Amino acid sequence: MTKQARKTQTAIATVLLSAAGLVLAGCSGLDATTSVTTPVTVPEMSLHGTMHGGQQPISNATLQLYAAGSTGYGSAYPYTSGSSLLGTHVVKTDINGGFNISGDYTCPSSTTEVYLVGTGGNPGPSSPANANIALMAALGPCGNLNGSTNVVINEITTVASVWALSPFMTGIANLGTSSTNLQGLTNAFATVNQLANIGTGSVSGPALPLGAALSAITVQKINTLADLLAACINSGGGVAGDGSGCGLLFTAAKLNGVAPTDTITAAMNMAQHPNANTSVATTVNGSAQFQPALTSAPSDFSMVITYTGGGLSAPKGIATDNTGNVWVANSGGNSVTKLDALGITTTDATGFLSGSGGYTVGSLNAPAAIAIDQSGNAWVANGNSTVTEISANGSTGTPFTGGSISTPGGIAIDAGNNVWIANTGNGSVTEITPGTTPVYANYTGVGIAAPTAIAINPK
Amino acid sequence: MDEVDLTQPPALAFASTQVSATSSDSPQSLIVQNGGNAALTFTSLATGTASFRLSGKGTCTNSTVLAESGFCTESVNFTPQTIGALTDTLTLTDNNLNVAGSKQTAALSGTGAVGSKTINFTPPASPAPVGTSATLVATASNGDPVTFSVTAGTGNASISGGNVISYLTTGTVTVNANSAATATFSAAPTVSYTVTINDTPLVFLAGSSKVASLDTGGVVASPAVAGGGVGAAVDSSGYVWSINSGGGGVTSITPAGAVGTSYTSLGLSGATALAMDGYSHIVVANGNGSTVVFTNTGAIVSTTQGSTSAGGSGVAIDISGNIWVTNAAANSVDKIIGGAAPVSPLAKAVQNATPGAKP
């Protein structure tokens, strides 16, 4: 097996319908057999797709398939050879922007998060090469890739990938998490598919549950950022300050005075500092390719996904747990809604359905505040001066009524798993030591008439 | 012919005075008049010791020229530098009788008594958390060194480096400032303050425009201080952040419970809730549906308009760096992507003592 053979297969595997901006790839299990000298217990990866800039194919771009590191934020994966999972093989896009990766490349593990990056290349059939081009698509767990995996790498997938993953990035090849936050990275990869559809390269992804949507301005922000990237990519390149498409982008994306020289790094700087230089949005005009775009500079370039339904009713208190779930106290609904990291309500087995319940166990009553303990149980402060403990899976709810709880406004858990409650109603603090026989204590004389919030300070 | 006319007795006697103090009868003066018919030119006017000094209030100087019949005054202060009977001489050098370098003298006398001094001791902050230390500040009225000591009460503390007190065990201690007797000063009266050493502030409570703290036993560790009052979140340095009443600003509270810094120009408006991300950036939900992220030194990172212009009612950060905001009026929840850092869930951050840090 040689890289030349791989390229040839790639070139014939992809059909491009550029007029509609839609890619159909006819690849089916090409190059499925390969000889390996050592046994592998991880799946072989296989995928194909196209790389576009401003909806035009980018040819002769160099592809790399990176794995996320796990030795720190921004850590690179320790490749055994080469600079990505492709090792020393060179994979380039064909004249139609198409590519095919299959065969003897293997995943580090089936759960390793991977992403595809294309750099350089010619942004049109007769365009000169542009070294500033860098586009990416987050692919998710390596084991999910197979011969039918089709990927579009374009400005939209780049913006979606960079924004969701920016807390974990310091550069194109430096995308990683700490050894203790693999789940956070997994969730972030999943979020990419909410902002964009990696299979089609369009805004708004398949991971958005029912009842969830990108806000209108978020769609405009993604399009505008994609247009800004496209203005650089569909050009001969440039540097900050030269007034070119690349120059405008790189100037706006300076970090600590240093201008980036590729479009992924530019996007990363903007995602990490969303307030900076938002006026660059006004350089995008109505004829830009990705529409609708912003018509004026936004306050910032952060993205918003909005969730409704799932029993959300006058939601107030909110808390996150170790898995990235979000627990919400529905002050209007005598219930608690638990969303997973993608906003899918886990209180309803069928998904995030409008009007469906939320936890109603354990005498929940107009809950205002919520905290999660070390075991993942939720502690809820009720409007009727009680506290409810909901088990992590929502199966049971236990009411707590002692300790002179009075219209609790805040709730917090200390290192010993004791529960502390700020009693807005009587100016006191209640401590609950949970157990077979809960122990209550009530503390007065704090000097605050109506405490509404409480926090444990471990420092 | 020139002549010096001493119209007053050429001797000054001062009242007995404490060392370093100036006598109650200072200054005393002499008059010098030129009785001759040529100019009288001074070349020096001086005392011999530091206890007797020209007061500066006389009109004679070391270069005065007196015309015929002209006069000036010499004025002397008595500020004893040592104890006991003190004498000195005021010497005027001039051209009396046309002899350059002629000297006229006046005897000076007084008694130096033992001085007294007092201590100005800034009261150390009380209550103070156990395990912390503080720098003591005190000065003696005469500039003498001040030493500190601790009298253990129900609690204990120690002094190191001369002026740093370390609070060792909970309870009360008495902190004393002393300035010892010297050859010229008697010892200063000891000044003492009682400090209550509390258990470390653990549970911070916000409300009614105040923030207070309790220790692990529920005892008040730091009394309610004015500032904040809406929401409470802890940064990586143990500072507690709380929104000011009205929601237009935010105040930090030190780990010991004192008011830190207040910021009122960060774009906060009717703010209702706050949380801490993994960079220890403060994330605030505004009353107009926007969310502001700013550093703990008051630099804005982002300002994002959510899906509704109704106020956010709660805010939290997840392990992927997303900001979640509850919108009570819209029955919805917003997930904001970009600008924040992953943060450990609160229970884990408390357990690992890593608030405001990435997991």
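Here are some notes on this predicted model, working from the contact between the chains to the cores and a few individual elements.

1. Let me start where the two chains meet. In chain A, 76 residues are in contact with 67 residues of chain B. On the chain A side, the residues that touch chain B divide into 40 nonpolar, 29 polar and 7 charged.

2. Strands also pair across the two chains. Strand β26 of chain A (residues 451-456) and strand β20 of chain B (residues 203-207) run antiparallel to one another, with 5 bridges between them. If you would like a residue pair to look for, P451(A) sits opposite G207(B) of β20(B).

3. From there you can follow the pairing further into chain B. β20(B) is joined to β21(B) by 5 bridges, again antiparallel, and A206(B) stands opposite V211(B) of β21(B). The hairpin made by these strands has 2 residues between them, and S208(B) there has a positive phi near 55 degrees.

4. The next step is β22(B). This strand (residues 220-226) pairs with β21(B) in the antiparallel sense over 4 bridges, and V225(B) is the partner of V211(B) in β22(B). Here the hairpin has 5 residues between the strands, and G218(B) takes a positive phi near 85 degrees.

5. How many residues of β21(B) are buried? The count is 5 of 5 for this strand, residues 210-214 of chain B. In a regular strand, side chains point alternately to one face of the sheet and the other. For β21(B), K210(B), A212(B) and L214(B) lie on one side, V211(B) and S213(B) lie on the other, and both faces are covered. Do note that a lysine, K210(B), is among these buried residues.

6. Now to the cores. Nonpolar side chains tend to be buried together in soluble globular proteins. The largest nonpolar core here has 188 residues, and the members touching the most others are L249(A), I370(A), I411(A), I454(A), L205(B) and V315(B). Helix α4 of chain A (residues 216-233) is the element that gives the most to this core, with 10 residues. Separate from this is a second core of 13 residues, including L30(B), V76(B), L90(B) and A106(B).

7. I411(A) is a good residue to select in your viewer. Setting aside neighbours within four places in sequence, I411(A) is in contact with A369(A), I370(A), A371(A), W379(A), A381(A), V387(A), V419(A), I421(A) and I454(A). Of these contacts, I370(A) and I454(A) are also listed with I411(A) among the core members that touch the most others.

8. Chain A is assigned two domains, domain 1 (1-307) and domain 2 (309-443). Between them, 13 residues of domain 1 are in contact with 13 residues of domain 2. On the domain 1 side, α3 (182-195) and β14 (303-308) of chain A are the elements that give two or more residues, and α3(A) has the largest share, 6 residues. By class, that side of domain 1 has 7 nonpolar, 6 polar and no charged residues.

9. Finally, α3(A) itself. Is this helix enclosed or open to the outside? Because 12 of its 14 residues are buried, α3(A) is largely enclosed by the rest of the structure. Among the buried ones are G184(A), N187(A), F189(A), N193(A) and L195(A). The geometry agrees too: at 1.5 Å a residue, the 14 residues should span 20 Å, and the end C-alpha atoms of α3(A) are 21 Å apart.

Note on methods
Residues are numbered from 1 along each chain as its sequence is written. Chains are lettered from A and ligands numbered from 1 in the order in which they are written. This is a predicted model: local features need pLDDT of at least 70, side-chain atom pairs count only at pLDDT 80 or more; totals for chains, interfaces and linings use all residues. Two residues are in contact if their C-beta atoms, placed from the backbone, lie within 7 Å. Ala, Val, Leu, Ile, Met, Phe, Trp, Tyr, Cys and Pro count as nonpolar, Asp, Glu, Lys and Arg as charged, and the others, Gly among them, as polar. Two strands pair if DSSP finds at least two bridges between them. Domain bounds come from an automatic or database domain assignment. A nonpolar core is a set of buried Ala, Val, Leu, Ile, Met, Phe, Trp, Tyr and Cys residues joined through C-beta atoms within 7 Å. A residue is buried if 20 or more other C-beta atoms lie within 10 Å of its own, exposed if 12 or fewer, and partly exposed in between; C-beta atoms are placed from the backbone. The expected span of a helix is 1.5 Å times one less than its number of residues.
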